[in-house]
Amino acid sequence: MLDRTMRRQVLLFISIFTLNSVFGQVTYSIPEEMSKGSLVGNIAQDLGLDVKRLKSGKARIYTEDNAEYIELNKDRGALLVKERIDREALCGQTTPCALRLQITLEDPIEFFTVTLEINDINDNAPSFKKDEMKFRISESAVIGAKFVLERAMDLDVGMNGLRGYSLKPTDNFNLKFQNQQDGSKKVEMVLQKHLDREAQDHLFLTLTAFDGGDPQLSGTMQVEIFVLDVNDNAPVFTQEVYKVTIMETAMKDTILSTVSAVDADEGSNGKVSYSITNTLDDVPVMFQVDEENGVVVLSGTLDYEKAQHYEIHVQASDDGGLTDSCKIIVEVTDTNDNPPSINVMSKTNSISEKSRPGTVVTIFNVQDPDSGENGNVACNIEENMPFLMKTTDDAADTE
Ligand SMILES: [Ca+2]
Ligand SMILES: [Ca+2]
Ligand SMILES: [Ca+2]
Ligand SMILES: [Ca+2]
């Protein structure tokens, strides 16, 4: 039924066309997206027809694709919007966008053409296919390194179409465009300032695409950058010199100190291990440092009488071979660990009862290897004995 109607219309159109009897034509220019019932034009007036003639001539509208965007109001002699007209759906990126329709009358047959120019309005914002793009970029990436970004689409045309992009913040990257053969632009993000994972390991940028409409519309996409670490920081000791005092009697495994170095890098690039680097003395025998936690312990036996201080050189290294060093100055303190010793140098086995007071009976020397108070000796002999004890600074002199 519908088919037959269409065929009749087509036949009618062809017969009219071949008679070359176009009685007039008119062009209207309207924006897309006008509401239903909006006035397109006073067609009767514009064609010089009486409104009554529209009715008596059974005026009809014919469109090439049978789409009924427009209706003829015979009472008003006006063309009205019947269905929403979306320029983007009708013409895509083609300009200008026009809709052609014919108006036919009977008794006598008359034929008019109407051209509707559909003007674009800015009813589409530029948009990206994806909400976000993610990049993993080494902090050692060179200035000028490029990263291709997704392009935006704007269905509108002309000024209402896509005009440009912005990328914010601009601290590390700026935008670069390359013209493509299809007339579009390739959008690239170019490194302009070095990344530093230690300062910022994550960057969030916003790529905005904007059109040239008024008011301007825009669309955004998030650009997330994970900054990958490289080993660009050496370990650093929290102190250059550590000072420790330890009793010479301290037991093996006594903790002297804990050294600590920090490395700003990540993972193995920032993993610090400690070692003692002394080679020419007995420090490596006397002391040990825990490779992982930097705890320095006594591993030998101290003797103040042999060594009063030590200088331990500790190195911190990361897995990439970057190092720092510190030293631990160890002062050994004396303890009273030596009894005084009496060494008889000469003695008389027998003594005459005629001996005069002051006769030397025996010479001995008293020694204590400890130092300070611990090394001071005091000598006494029993009371009520007929002997005196005299001190000489140097026993040799008294011989
Ligand atoms: Ca539009
Ligand atoms: Ca637009
Ligand atoms: Ca490091
Ligand atoms: Ca690093």
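**View 1. The second largest pocket of the predicted model encloses about 570 Å³ of space.** A pocket is an open set of points on a 1 Å grid over the protein atoms alone, where a 1.4 Å probe fits, with protein on both sides within 12 Å along at least five of seven lines. Its volume is the space filled by probe spheres set on points joined across faces, edges and corners. The lining has 22 residues, each with an atom within 4 Å of a point. Ala152, Met153, Leu162, Tyr165 and Ser184 lie nearest the centre. Strand β10 (residues 162–168) gives the most to this lining, four residues.

**View 2. Asn, Asp and backbone oxygens coordinate the calcium ion (ligand 2).** The donors are Asn122 (OD1), Asn124 (O), Asp154 (OD, listed twice), Asp156 (OD), Asn160 (O) and Asp211 (OD), at 2.2 to 2.7 Å. For Ca, donors are N, O and S atoms within 3.2 Å; water is not among the atoms, so the site may look incomplete. Asn122 and Asn124 are buried (under 20% relative accessible area, 1.4 Å probe, protein chains only).

**View 3. Strand β22 (residues 309–317) pairs with β19 (residues 273–276) and β23 (residues 323–333).** Strands are DSSP runs of E, at least two residues, numbered from the N terminus; they pair if DSSP finds at least two bridges. Four antiparallel bridges join β19 to β22, with Ser273 partnering Ser317. Nine join β22 to β23, also antiparallel, where Gln315 stands opposite Ser325. In the five-residue hairpin link, Gly321 takes a positive phi near 90°.

**Notes.** Residues are numbered from 1 along each chain, and chains are lettered from A and ligands numbered from 1, as written. In this predicted model local features need pLDDT of at least 70, side-chain atom pairs 80 or more, while totals for chains, interfaces and linings use all residues; side-chain values use heavy atoms, without hydrogens and water.

Definitions and conventions:
Donors = N, O, S within 2.8 Å, 3.2 Å for Na, K, Ca; no water. Buried < 20%, exposed > 50% of the residue type's maximum accessible area, 1.4 Å probe, protein only.
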